[in-house]
Amino acid sequence: MKKRGLNEASKTQKLFDESASVGGPIRKDRLWFFGTVRSWGFARQNAGVFWNKTQDVFLTPPGAAAKVVKWTPYVDRPLDRLSGRQEWYDSVLGRITWQASKANKFAVTYNEQRGCNCGSVSTAESQEHYLSSYRFYPNRLVQGTWNSTLTSRLLLEAGFAATISQWNMYYNPGVNNGIVSISDVGLGISYGAPIVYLGHPNGRDRYTQRASLSYVTGSHNFKAGFQTDEANTNTYWQANQNVAYYFFNTIPIGILQWATPYQTNSRVKADMGIYGQDQWKLTNKVTLNLGLRWDYFNSYVPAQTAGFDGETDGYFQNPPVNPWLGQRKYDPVYDAPSWKDIDPRLGVAYNVFGNGRTALKFTAGRYVAKLGTDDIAGNIASPISRSVTNSFRGWGDANGNYVPDCDLGNFGANGECAAIGDQNFGKNNPNAVQIDPAVLTGYGKRDSNWDITAEAQHQLAPNIGITGGYYYNNGGYFRYAFGSPFSSKVRATDNLEVGPSDYTSYCITAPKDPQLPGGGGYQVCNLADINGPKYGQVKNYVTLSEKYGTFTSRNDFVGVTIDARLPRSIRLNGGFDTGRSVRDRCFVVDSPQELLNCRVVTPFKGQTQYKANGVVPIPLDFAFAFAWQNISGPSYGANYAASNAEIIPSLGRPLSGGLSTPAVAIPLVAPETLFEDRITRLDLRLTKIFRYNRYRLQINVDAYNALNANSIRAVNSVYGAAWRTPLQILDPRLIQFGGQFSF
């Protein structure tokens, strides 16, 4: 198939990656150091994305608290470092290792990072308005370890780590807390200030402690220990003047009122694992690996305050108490959740002939999902998250002064303002998701995964080996937003206000299109629309999915790898792997449409990859290296916006929701059935080494995507004029020069 061209993605682009490192002994055989610095990223000017040339021109009269700026795209702005999107990262790392005695070794590592995801990539947002401009600081890792050989058979290992990670939004040039966010739905542009700022502090910190004790004998290698984490997530929300304005072709039409400022907090009290394992050599041919792990996860929401938070750092100029809602206080929420799991591990290795040339291996283990503080505690249990934090109201600017001439603290209709859309604004949301207590406590309530491997390894010749295996797991972890049909294998979200009988089923006819299966024109059924009286009624309840049916999932893969270490230090490696995945959630919680594409099969052709890599030394201290990969192309869908006119003949009525539901998105093809062409990439490296006494200089020339392939990595899955338009292709050929100096 002929490749489809990309729309203009950018006018100019700069890529950079610079690094240096140094290390060595401070005191021979006793104290060592290592340090490295790196800066990498890119800057580019995106087509159709502009700063506001009149960011300092106010349409509101002098003295107005909420200032409305005029929109004028700065199309002729000279190129400078702020002209477009920037993503850069700086990293400084240092490590000290101390051999305190023959039996005790200590190491400390410190890594400081700073970064920026700054500037708009969307033509619908000005540079000042872009909602995802973050600066990552502070970002740091502190880690310490201690190894102690207590006896010839007893080893003690201990360590700690602290990860401090914050991503905060800042005022862009020309923005202060008096300038409000404006979204002009007629012009298709948002400008002024972002709708809401996140930051100061905004981030997630994690603290880890671990310790283990190993006892080694001739036939046993026994190890027992623990690892425990504590974590916190803090998100500070601030909307300028607690509002965002909506225009239609420069005419005000509405206001989004915010209950800011507020800070949501959630904590992990303990994410702990206690384990014991033994590598037991039964005979010269058979070795067992036996293990058992107890996992415990407990998170909670501390007491919180909304309306004003005295813990902020003042970056947002100490915003006052929310003028309409005042200060609100919330009690803590504990055990959200408190989960426990028992996870066994088993491994068997069989040396078939006793000579180490042929081995059979089998492993099986149960693993639980890694969780953060915001999975349940932050998203569902938090009282602030369960409250109505923003609401829309109509605004008719009769005198054209761009000032809402009404009392925004009066939530009923008054002056130029209509009644606020949600009378629970700033209060608890009666429609917030409820949680079945059975979900939050006990054993087996956390998403888990069984992983099974069976491998055969054989030495074909000296320094040439082959490994082939079968790999199975029952689906991984489905940790998407609550309410998604695949949010969890364990949990389901039930709208208690509706049931299957409250829906009417219908079909549509797919458009005629040679790129659709069979040329299109087929019936798409198992669709359902809520009946009118039940439209908009929502009371979601998170409970155990086993009440409704069984969610099954499995991945079956096979793979073969050959590794060769040939004479003259030549190293070659290659192989392939392929597999089939099945997700089956064929039961109904609320809507009969949940049965549409309820069984998703990703075929072998969508998950087959071939790969090869190698290093070949050549004369005069040169070396040639390559890495080649051929993988399956991305899958794509065909999500069609079906109108009332297309639906009424089958449904017998218009869609519920009236004017708010003029069309509905319908998948014309099942997921994981259509794929783009396969992707091939080749990376090359040429190395030259210079030697002088104990000094060594290595120069590298790298060619990434050496063939300059333009394989498609992602396409638009919305059926229409832009259907299958590439959204992402392989990065173009990149030549990089680097070096390493050792002394």
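**Exercise 1.** In this predicted model, determine how many residues make up the hairpin that joins strand 5 to strand 6, and then describe in which sense strand 5 pairs with strand 6 and with strand 4.

*Solution.* Begin with the connection itself: the hairpin leads from strand 5 to strand 6 through four residues. Next, consider the pairing on that side, where strand 5 and strand 6 (residues 154–166) run antiparallel over 11 bridges, with N139 standing opposite S165 of strand 6. Finally, turn to strand 4 (residues 104–118), which also pairs with strand 5 in the antiparallel sense, here over 13 bridges; in this pairing A107 stands opposite T145 of strand 5.

**Exercise 2.** Identify which residues have the most contacts inside the largest nonpolar core, and which element gives this core its largest share.

*Solution.* The largest nonpolar core holds 31 residues, and Y245 and F247 are those with the most contacts inside it. Two or more residues are given to this core by strand 5 (134–149), strand 8 (189–192), strand 9 (197–198) and strand 12 (243–248), and the largest share, three residues, comes from strand 12. Beyond four places in sequence, Y245 touches several residues, including V68, I182, W395 and Y402. A second, separate core has 22 residues, among them L516 and I666.

**Exercise 3.** Decide whether T467 is buried, partly exposed or exposed, and list its contacts beyond four places in sequence.

*Solution.* T467 is found in strand 24 (residues 464–473). Because its relative accessibility is 22%, T467 counts as partly exposed, given that buried means under 20% and exposed over 50%. Leaving aside neighbours within four places in sequence, T467 is in contact with E455, A456, Q457, G559, V560 and T561.

Conventions. Residues are numbered from 1 along each chain as its sequence is written. This is a predicted model: local features need pLDDT of at least 70, side-chain atom pairs count only at pLDDT 80 or more; totals for chains, interfaces and linings use all residues. Side-chain values use heavy atoms; hydrogens and water are left out. Buried means under 20% relative accessible area, exposed over 50%, partly exposed in between (1.4 Å probe, protein chains only). Contact means heavy atoms within 4.5 Å. A nonpolar core is a set of buried Ala, Val, Leu, Ile, Met, Phe, Trp, Tyr and Cys residues joined through side-chain atoms within 4.5 Å. Two strands pair if DSSP finds at least two bridges between them.
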